[in-house]
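Biologist: Before accepting the descriptions attached to this model, I should like to hear the reasoning behind them. Please begin with the terms and proceed to the values.

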Amino acid sequence: MNWAFLQGLLSGVNKYSTAFGRVWLSIVFVFRVLVFVVAAEKVWGDEQKDFKCNTAQPGCHNVCYDHFFPVSHVRLWALQLIFVTCPSLLVVMHVAYREDRERKHRLKYGENCTRLYKNTGKKRGGLWWTYILTLVFKIGVDGTFVYLLYHIYEGYHFPSLIKCGQKPCPNLVDCFIARPTEKRIFTIFMVVTSLLCILLSVFEIIYLVGKRCHECFSMNRHSNHALINNMSTGSNMMESNKLAGKNAPETAALNYTTAVS
């Protein structure tokens, strides 16, 4: 399978990500995609061929294999990697939409017009929500596939010997899995990296929400300070006007007395 498309896509998204997002991308490429392409596909390449059962009954081998491995690990992980990386395309598309809107605005009102966005890649407004939704989707995808892997295969353990009594097997037969220890190690490794990616996405959501709340509180604080300063300035001006009004009649009376004398 060619992963160049996903590599180009996520590399473009990297410049719009936070520090947690960049670490997430590094883990996905180094510890998930590369391990999957280089090692996992080869380990599971002989999965059905080397699944042996001690019977010559036609169809028993295929039925037992389908019973214990309804979905291939490799195909399940391929779907997981596709679903967990493609939502990043939404961020790129949203930024491209902003850039196109900004370009049309400049063509209509001139190059010196007021810009619609100070920075089209800055996570504000709709782009912030798009980024948050992609993180939530990634958490949901990784969590769902980790659960499916545990539910379908009844855990992450690969026994060397399994018992199969499915029809058309004549009786309870013994079946043997190829490379059970190696497959168990790779399965645990992929599950741990998935959980680590979930943890990083949760931290990134907390960071973005906390940063946004801090900015909102800071803006409210500055606006309150500005309002208080304006009110204090206005009260000082009113007091000075009152004092000026009181002094004006006294000055006029003194001038009148001087003129009469």
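Modeller: A helix here is a DSSP run of H or I with at least four residues, and helices are numbered from the N terminus. The model is a predicted one. Just after α5, G110 adopts a positive phi of about 100°.

Biologist: How do you know that the length of helix α5 agrees with its number of residues?

Modeller: Helix α5 covers residues 88-109, which is 22 residues; at 1.5 Å a residue the expected span is 32 Å, and the end C-alpha atoms lie 32 Å apart, so the two agree.

Biologist: Which residues of α5 are called buried, and what puts them on the same side?

Modeller: Buried means under 20% relative accessible area, and in α5 the term applies to S88, V91, H94, V95, R98, E102 and H105. They cover an arc of only 125° around the axis, and therefore share one side of α5. An α-helix has 3.6 residues a turn, so residues three or four places apart point the same way.

Biologist: What is found on the other side of α5?

Modeller: K104, L107 and K108 are there, and they are exposed; that word requires over 50%.

Biologist: How does the span of helix α2 compare with expectation, and where does α2 bend?

Modeller: For the 25 residues of α2 (residues 19-43), 36 Å is expected and the end C-alpha atoms are 33 Å apart, which agrees. The bend, about 55°, is at F36. F36 is also among the buried residues of α2, which include W24, R32 and V43.

Biologist: How much of the whole protein counts as buried?

Modeller: Of its 261 residues, 35% do.

Notes. Residues numbered from 1 in each chain as written. Predicted model: local features only at pLDDT ≥ 70, side-chain atom pairs only at ≥ 80, totals over all residues. Heavy atoms only, no water. Helix = DSSP H or I, 4+ residues; strand = E, 2+ residues; numbered from the N terminus. Expected span 1.5 Å × (residues − 1). Buried < 20%, exposed > 50% of the residue type's maximum accessible area, 1.4 Å probe, protein only. Arc of directions from axis to C-beta. Bend = angle between axes of the 7 residues up to and from the residue.
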